[in-house]
Amino acid sequence: MKSLWVFHVNTGACNGCDIEILDVLTPYYDIERLGVKLVPTPRHAHALLVTGPLTRQAYHAAKMAYEAMPPKPRIVIAVGTCACSGGIFHDSYALRREYRESLEYPLKGGTSEFLPVHLYIPGCPPRPEEILYGVALLKNIVEKKVRGRRFSEGTFVLPRESFNAWVEVLLRARIRKELGYFDGYSLLRRFMELVESSESKEELEKLVEKTINDEGDSRLRYGLEKLYSYYLEVVRTYEGILAAKRALVGLPK
């Protein structure tokens, strides 16, 4: 099955699960990229998405929706703890239960009381990622999408140092005001190369001085001086925050 058309039924939920289902339909999670589409009628649906415990009032409407679906594949997905087991309402008098003479009664509840459930997605409410994972699992596309990534020695690249990346973000906003987008960002890349190639403050100072002396454009020389002063300011601020945190937990400076 390349696409899955879904009809949503609320059988007494508090709307927490419904809000999460709306989330997966938004462009941020975009469940339609997996071929899943919400339809307005059960007659066109492959799957019934049920939220909430099964109340007596919602029972007949849910049963009619299930019977209106095409006979195949008639998939039932229970979303949320209430739909899976009744949740905090498991012993409520308002829930509809099949009478059975066993010790389980009345501890059961949820969608499985009247429908054969193919997929349980528990949670109160389940996160959008969990709903996406459950639907993807149902469509057998998880194994295709979630695979271990293998790196060979030649292609493995260590992630960039987080501190330098943080510094670059701060400097980017400042140099943009000084030199604009084009020249400012280009100069910032040159400056960050100097920062990453130097191993100490003294070495960075010498590299910056040499670059300024070699630069023929006075505007870029000005930008380099500004970047260096901004960089020292950011480093001093960072060291101050670090020292304050160390003092707070009683560590030596």
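The following paragraphs describe the fold, the aromatic and charge–ring arrangements, and one loop residue of a predicted model.

In this predicted model, the protein comprises 9 helices and 5 strands, and these elements succeed one another along the sequence in the pattern β-α-β-β-α-β-α-β-α-α-α-α-α-α. Of the 253 residues in the protein, 39% are buried. Among the contacts with a separation of 6 or more, 74% are accounted for by residues 24 or more positions apart. The exposed area of the protein amounts to about 16,300 Å², of which carbon and sulfur atoms supply 56%.

A search of the whole structure for aromatic pairs returned 2. In one of these, the rings of Tyr 28 and Tyr 29 have centres 4.8 Å apart and planes at 80°, so the pair is classed as edge-to-face, the angle being over the 60 degrees that this class requires. The two partners differ in their exposure: Tyr 28, with a relative accessible area of 69%, is exposed, whereas Tyr 29, at 16% relative accessibility, counts as buried.

Phe 191 and Tyr 231 likewise form an edge-to-face aromatic pair, with 5.8 Å from centre to centre and 70° between the planes. Because Phe 191 belongs to helix H7 (residues 181-197) and Tyr 231 to helix H9 (residues 218-249), this pair ties together parts that are 40 residues apart in sequence. Both residues are classed as buried, Phe 191 at 0% relative accessibility and Tyr 231 with a relative accessible area of 11%.

Aromatic rings also take part in arrangements with charged side chains. Lys 37 is placed over the face of Trp 5, at a distance of 5.2 Å from the ring centre, and Arg 74 is placed over the face of Tyr 66, at 4.9 Å from the ring centre.

A further position examined was Thr 55, which is found in the loop between strand S3 (47-51) and helix H2 (56-68). Thr 55 has a relative accessible area of 19%; since residues count as buried under 20%, this loop residue falls in the buried class. When residues up to four places away in sequence are left out of account, Thr 55 touches Thr 11 and Gly 12, together with Ala 94, Leu 95 and Arg 96.

Technical notes. Residues numbered from 1 in each chain as written. Heavy atoms only, no water. Helix = DSSP H or I, 4+ residues; strand = E, 2+ residues; numbered from the N terminus. Buried < 20%, exposed > 50% of the residue type's maximum accessible area, 1.4 Å probe, protein only. Contact = heavy atoms within 4.5 Å. Areas by Shrake-Rupley, 256 points an atom, 1.4 Å probe, with all protein chains shown as cover. Phe/Tyr/Trp six-rings, centres within 6.5 Å; stacked < 30°, edge-to-face > 60°. Lys NZ or Arg CZ within 6 Å of the ring centre and 35° of its normal.
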